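Subject: Structure handover

Hello,

Please find the structure below, with the sequence alongside. My notes on it come after.

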Amino acid sequence: MLKVLHTARYAGTPWDILKSVVPEGFMVKTLDELSYDCLVQEAVDANYLLVSGRLPIDEGVLSAARQLKMIQRTGVGTEMLDIEAIKKHNVPVYVNAGVNAQSVAEHTLALVLACLKRLPQINQQTHQGIWKKQQVGVTTRELKGKTVALVGMGNIGRLVAKMLQAFGARIIYTDVVRQPAETEQGLGLTYYDSFEAMLPEADVLSFHCPLVKENTDILNQRTMAMMKKGAIVVNTARGKLINPDDLYDALKSDQLSGAALDTHYEEPIKEDYKLAELEKVILTPHVGGLSYEAFSQMMADAIENIVAFEEGRLTEIESKRIL
């Protein structure tokens with residue numbers, strides 16, 4: 001029986017979904033406790049790693065995993081992978097590109113609208129019996145006519161842009177690779193050759209790019225000062241794109257009117273997370289890509305990649321290999 005080791009800890013419905021897609025001949029094991037020591041111990045007889053969560057897949061894990069054939073990510077992020085160690089051990093790595101793009105795009109749009117419509121604050125007031133119809137209504141804003149700046153135009157960015165079209169928003173973007181002219185025309189996109197060039201025009205700034213060394217803390221005190229006063233920031237990409245202390249200061253000073261964050265500098269967030277103090281900040285626990293539909297498909301696709309690898313059907317999954 002081939003062992004697939006899930007490198008985080010699932011329980012309840014998520015664990016049931018994962019187990020349900022594992023075929024005969026394979027067994028899946030989730031960690032008994034979410035610790036590095038437990039991961040190393042379980043890796044000893046693992047044939048495949050199904051990588052989720054934030055525990056590092058490093059030299060210690062790879063040295064222990066002497067029977068390891070392949071590493072499969074449940075998603076696309078690679079920040080938990082020690083790339084040099086993986087190359088040293090010559091272990092192939094596969095990802096699930098685009099599998100949860102629809103879910104993340106919908107979550108992004110929900111966060112944008114929740115900020116503009118001040119839904120958390122108004123919901124709380126209404127639950128408390130506060131009925132200030134006109135007074136509250138005029139504090140909200142429409143998405144129509146707003147300039148939305150998208151950082152990154154991959155699978156998720158393009159879906160967000162398509163959704164924004166229906167609201168009549170102006171869409172600008174930047175990316176290391178510019179989209180073809182027909183894509184820009186079809187999605188109503190205007191390209192900017194730098195992140196900073198977009199900032200003075202953005203009513204909404206939304207991140208849809210991977211995290212690399214060069215863009216860590218790209219939204220900071222200096223770049224937030226370039227933004228239009230009263231703009232909002234949405235992040236469903238990677239938490240370390242934004243300096244949280246600088247974001248807190250920009251919100252406290254009203255340079256920015258709101259922020260909605262699904263990803264955070266440290267996850268899970270700590271008790272002293274300053275951004276959680278602010279009413280104008282919406283926080284979700286990195287759930288943007290984990291709708292029931294997306295999660296189910298993510299697990300099914302990941303296990304299918306592992307089965308295809310074991311059966312030697314490598315051409316079918318070549319496009320998903322990154323190492």
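The notes below cover the sheet, the helices packed on it, one residue in a strand, and a pair of helices. Please keep in mind that this is a predicted model.

Sheet. The sheet is open and has five strands, in the order 2-1-3-4-5, with parallel pairing. Its edges are strand 2 (26-29) and strand 5 (93-94); each has a single partner strand, so one side of each has no neighbour in the sheet. Strand 5 pairs with strand 4 (residues 70-73) over two bridges, in the parallel sense. Y94 in strand 5 is the bridge partner of Q72.

Helices on the sheet. Helix 1 (residues 12-20) packs on the sheet and touches strand 1, strand 2 and strand 3 (48-51). The direction of helix 1 makes about 165° with that of strand 2. Helix 13 (residues 292-310) lies across strands 1, 2, 3, 4 and 5, and runs at about 160° to strand 4.

H6. This residue lies in strand 1 (residues 2-6). H6 has 0% relative accessibility and therefore counts as buried, the cut-off being under 20%. Leaving aside residues up to four places away in sequence, H6 touches L18, K29, T30, L31, L50 and S52.

Helix pair. Helix 5 (residues 101-117) packs against helix 8 (residues 155-165) at an angle of about 50°, with the axes 9 Å apart. The two helices are therefore oblique to each other, and their crossing is right-handed. Residues in the contact include V104 and L109 of helix 5 and I156 and L159 of helix 8. By class, the contact has nine nonpolar, three polar and one charged residues.

Regards

Conventions: Residues numbered from 1 in each chain as written. Predicted model: local features only at pLDDT ≥ 70, side-chain atom pairs only at ≥ 80, totals over all residues. Heavy atoms only, no water. Axes fitted to C-alpha atoms, helices over the stretch in contact; angles between N-to-C directions. Helix = DSSP H or I, 4+ residues; strand = E, 2+ residues; numbered from the N terminus. Parallel < 35°, antiparallel > 145°, perpendicular 65-115°, else oblique. Left-handed = near helix turned anticlockwise from the far one by under 90°. Contact = heavy atoms within 4.5 Å. Nonpolar A, V, L, I, M, F, W, Y, C, P; charged D, E, K, R; others polar. Buried < 20%, exposed > 50% of the residue type's maximum accessible area, 1.4 Å probe, protein only. Pairing = 2+ DSSP bridges.
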